[in-house]
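Student: Could we go through the charged pairs here together?
Tutor: Gladly, let's take a look.

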Amino acid sequence: MRTKFLIAGAALASTVLGSAVAYAHHAFAAEFDANRPVNLRGPVTRIEWINPHAWIHIENKKPDGTVEAWMVEGGTPNTLLRRGITKDSLKIGTEIVVRGYQSKDALCKPKCRANGRDVTFPDGRKLFMGSSGTGAPKDGSDESEK
């Protein structure tokens, strides 16, 4: 009898925790706009290696010389590591170029937000950083699209 209660309790806990994770993860189209592409260039100011998505913060240098703070969403930390984006390759102060899509709200308060498709490093390496299979535009960046 006690075993049945333990199994039922474990199943309930698994369902509740699984639902929280599923709720936290969102589809691309829920937050980002495929019709608002952005190209951002600037130094990395902060990195959040958190699940379900890592965030890279950069100071985008606009053509007029002004600087705008951006948060760029990538895949999970594990996915980025498998693609070659590591804590060592993406240090604070590293000048990067990010191609992606702006958030639907476009408010930029406290920071502008975007979903990053790919990041280009100072040495010219270009790596895919976006989420695949979440409704993001199919543009050939993701190896799973080929």
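Student: Is R113 buried or exposed?
Tutor: Keep in mind that this is a predicted model. Buried means under 20% relative accessible area. R113 has a relative accessible area of 18%, so R113 counts as buried.

Student: Which residue meets R113 in a salt bridge at 2.0 Å, N to O?
Tutor: Side chains of opposite charge can pair when their charged atoms come close. The partner here is partly exposed, with a relative accessible area of 21%. The side chain that R113 meets at 2.0 Å, N to O, belongs to E31.

Student: How many residues apart in sequence are the parts that this pair ties together?
Tutor: R113 lies in strand 5, residues 112-120. E31 lies in helix 2, residues 28-31, so the salt bridge links a strand to a helix. In sequence, the parts tied together are apart by 82 residues.

Student: How far apart are the closest N and O atoms of E68 and K62?
Tutor: Both side chains are partly exposed: E68 has a relative accessible area of 25%, and K62 has 32%. A salt bridge needs the nitrogen within 4 Å of the carboxyl oxygen. E68 and K62 form one, with their closest N and O atoms apart by 3.9 Å.

Student: What is the N to O distance where R125 and D123 meet?
Tutor: R125 is partly exposed at 34% relative accessibility, while D123 is exposed at 56%. Their side chains meet in a salt bridge, and the N to O distance is 2.9 Å.

Student: Which residues are joined into one network by salt bridges that share partners?
Tutor: The structure holds 7 salt bridges. Through shared partners, salt bridges build one network from E31, D105 and R113.

How values were computed
Residues are numbered from 1 along each chain as its sequence is written. This is a predicted model: local features need pLDDT of at least 70, side-chain atom pairs count only at pLDDT 80 or more; totals for chains, interfaces and linings use all residues. Side-chain values use heavy atoms; hydrogens and water are left out. Helices (H or I, at least four residues) and strands (E, at least two) are DSSP runs, numbered from the N terminus. Buried means under 20% relative accessible area, exposed over 50%, partly exposed in between (1.4 Å probe, protein chains only).
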